[in-house]
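Dear colleague,

I am handing over the structure we spoke about, which you will find just below. After it I set out what was found, one part at a time, so that you can follow along with the model open.

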Amino acid sequence: MTQSIVSLRDVRRDYALGAERVHALQGVTLDVERGDYVAIVGPSGCGKSTLLNLIGVIDHPTSGTVEIAGKRVDAMTDREATSFRLHNIGFVFQRFYLMPILSALENVALPMAEAKVQRQERQERAAKLLAYVGLANRERHRPSELSGGEQQRVAIARALANGPSLLLADEPTGELDARTGAEIISLFQRLNGDGTTILVVTHDEDLASAARRKIHMRDGRVVDGA
Amino acid sequence: MLVFVLASSLLLQGTSPPPQAPPGRLRTIAIDEAFAARANLKPGDTVTVSSRADTVASARGAGGRAPGPDAERVIIGAIVRRGADPSEVARGDLRVRMHLDQLQHVSGYGDRVDRFAIATGPSTDIDGTIERINRPAFGFKAYRSRDIAVETSRTFQVVSRFHRAIGVITIVASSVFLLCIMVLKVEERRRDIAALRLMGISRSSVVRSIIIESALVAVLGSLLGVVLGWAASLLVNSHYQAVYSTPLEFSIVTTPVVAFAVSLSLLLGIGAGLLASLRLVRTPPLELFGR
Amino acid sequence: MLGVAIAAAMLLDMVMLATGMRESFRRLLVSRGFELRLAPKGTLPFDTDATIPGVAAITSIMRSNPDIREISPVLGASIHIPVGNRDVSGSVLGVDPSVQGDYELLSGRDPLSADAIVVNDYLLQQLGARVGDTLSVATGYDPQTRTYSGRRTLVITGRVRFIYGANEQSSAAMRRETLEAMRGGDMRDRASLFMVRVREGADAERVRDWIETQIPNVTAISIATAIAQVDARLSYFRQLAVILGAVSLFVGFLLVTTLVTVSVNERAGEIAVMRAIGVSKAHVVQQIVLEGVAISFAGAVLGLGLGLVTARYLNTILSAFPGLPMAIDFFLFQPKAAWSALALLIVSGIGAGVYPAWRAASLPIAESLRREAIA
């Protein structure tokens, strides 16, 4: 039996929006196996990003349990959650969010610095990661000197900095044109082929099709693929 | 302790000395509040006044040495409040008022004074009077009080200039601060401005709305500032009046001052809003979005 | 940055004002090494026209104290020197040139002989004279009879700078005996002031107390007392300095807070991502606070130059105080003042950055990201 790296049981997430109460997730139960490549799809407002945030331990469920890599994460303190994210989860966002004053190499090295990796080692690992994503010759460039696709690849390298069990991506091709998006899609496939578990939230049909499994959501519920 | 005499207004008459008190009866002097507090004296206390330090002794009622030839036993008759003279502030002098002949006797000055203060009638030709006095004057000269005041108020003039300089620096500094903050605040809303421009709202409409907002903020801010300034002025006066034991008003909030402050802050607020908004409307809207 | 620099400049100026007068005055007083000054009872040196009688007797009493090394009696008076059809007037000090502490010889010689006089540059200018010229000097003017008590022909033997001299003051010095003789009977054996130098290692305050006991018609003033008395007279400026300094610091603080808050608001998404990738709250706050400190530091450096220029300008205004020694500076630059101002700014920069930083780092990550996505 393959081990679940992500395990959600009857997870609900409500929050207040003005005077109203929004039920972003309404009793979601799902498992993701180690090495899987899952695309979470659905219309806007269906709760995809909320689900990703809960799995990424940057949000807490209103009720239910969330287990990542065998650890209960739904009731972690802020400090525990931060440390868990640093060592176990890699994030890729739609808008890249690289630090504008740091070079590509320094951006990738940032999570390693936080994890107290020695300078020499983190520079070597960062260089290796940039080479892996095809940006060996762009180490010293600042984000403003890189194209959108290059920036996203730096962001992916950064997400892999501390060797996470899980890579989460929220609309990673949202700001990219089709050709650049395709490059990112193929990078994800390569990553998954090398053993990285990937969960991606997307509207991009091509990206969703490249995944091995699709989870459909609507109105805060998983309707297919759980 | 310095013993001064403040000659009260005398009309220029003869030079005959006023009558002495009957023998055995002590005459009175007046002292200022600071003196009374420092020496713990009150009306009715008897003291000895002398110009020589070695004969001074304070006697209350019975007891105390008999005063020497240049000294006199007197009674504290009154405690007076000093006038608001800025040149006296912080000097820490203590003042005594005595009868002229008393001080002449005690100081050994004889039949001399430092000056005469002359009050004239309402229709007196002052310059003519001065000229008539100076012509035969032997050993003294007449001046207008106003001219003397200017000469002796150099200290005050220096302090005034200093205050003015500090005031100018403060205004310049405040202007820069205000400009900085306005620019920052308008910059913060650049995405909103960009969205408005993309919607088709004209540059002038955007600038106008920001200026109106800046003007409102400036008016409200300056009103609050006036209230704060007035309260601070009260505080400053009460503090320094207590410290220097003077009724002098160190800070006065007048209508022209308020009007100046409000006008200036309004001008600066509108100016800052204008500068900041012009900067933004000149930038293409998409650039403001960060694309 | 300019705003912070101006706040820094004002703060530096106020710190200089708060400490400058006292230090400047202290330096002036210790410059010639006379630790004590004796003035007529109840007065400050040259505050009034009063004089101390019995110079010889007082000197003899003081010589009996082994802790007293040198005694310099000084007599002050006014002089009048005819030049053409006008009179130039000034002040003169009668001193003992071998122990005087009132002037510094710039050129020429001390007034060693009875017919010698030394003058300052301002008086030389007024007279249109040079060292070596002869002057007819009168003193002891009686306004009643419009006559002088004494007039002598004196030779300018030297050019001097009076240490306690005020701006644009015509001053001269001669032997005390010469001045006494010119003043006549009423000034014989009298002095306006005694300057006293104590033995090395002696306690100046103890000597001061001894003098006041032995010589009751004088007030003995130590350097500390003199400073305290001048401090009291000029306390207004110190208080003003404290108030304006505090206001400058507060405004600088507000400015840095605003700068940091705006910067943090602009970077809400970036901050949320830093937290998302595992950077701790403390590190995020640290980063932002460091930015606040950097702004304060840069502002302080810029403000240093601005502050010095402004201080010089303000000092020029206050130097016109009547009767104030030229050597007194209200705004004195001391490295300590600069460091104090810098330290205050840095601390305020830290304080200004902490709150907005903490707030930003504590925002729920998911909500910030959602807001950024919408924006």
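A good place to begin is Asp219(A), which is found in the loop between β9 (213–218) and β10 (221–224) of chain A. Please keep in mind throughout that this is a predicted model. The two strands on either side of that loop, β9(A) and β10(A), form a hairpin with two residues between them, and Asp219(A) in the turn has a positive phi of about 50 degrees. Most residues other than glycine have a negative phi, and Asp219(A) is a residue other than glycine. With 14 other C-beta atoms within 10 Å, Asp219(A) counts as partly exposed.

The strands of this hairpin run antiparallel and are joined by three bridges, and within the pairing His216(A) stands opposite Asp224(A) in β10(A). Strand β9(A) also pairs with β3 (residues 37–41) of chain A, here in the parallel sense and over four bridges, with Lys214(A) in β9(A) as the bridge partner of Ala39(A).

Another positive phi in chain A, of about 55 degrees, belongs to Tyr97(A), which is not a glycine either. Tyr97(A) is found in the loop between β6 (89–92) and α3 (104–114) of chain A. Is Tyr97(A) buried or exposed? Tyr97(A) has 25 other C-beta atoms within 10 Å and is therefore buried, since 20 or more are enough for that class.

Turning to chain B, you will find an open sheet of four strands in the order β2-β3-β1-β4, with mixed pairing. Strands β2 (46–50) and β4 (96–97) of chain B stand at the edges and have a single partner strand each, so one side of each is left without a neighbour in the sheet. Inside this sheet, β1 (residues 27–32) and β3 (residues 71–80) of chain B run parallel and are joined by six bridges, with Thr28(B) opposite Ile75(B) in β3(B). Helix α2 (residues 100–107) of chain B lies across β1, β2 and β3 of chain B, and runs at about 140 degrees to β3(B).

Finally, there is the contact between chains C and A, which takes 14 residues from chain C and 17 residues from chain A. On the side of chain C, the elements that give two or more residues are α8 (268–276), α9 (281–318) and α11 (365–374) of chain C, and the largest share, five residues, comes from α8(C). By class, this side of chain C has seven nonpolar, four polar and three charged residues.

With best wishes

Definitions and conventions
Residues numbered from 1 in each chain as written. Chains lettered and ligands numbered in written order. Predicted model: local features only at pLDDT ≥ 70, side-chain atom pairs only at ≥ 80, totals over all residues. Pairing = 2+ DSSP bridges. Contact = placed C-beta atoms within 7 Å. Axes fitted to C-alpha atoms, helices over the stretch in contact; angles between N-to-C directions. Buried ≥ 20, exposed ≤ 12 C-beta atoms within 10 Å, placed from the backbone. Nonpolar A, V, L, I, M, F, W, Y, C, P; charged D, E, K, R; others polar.
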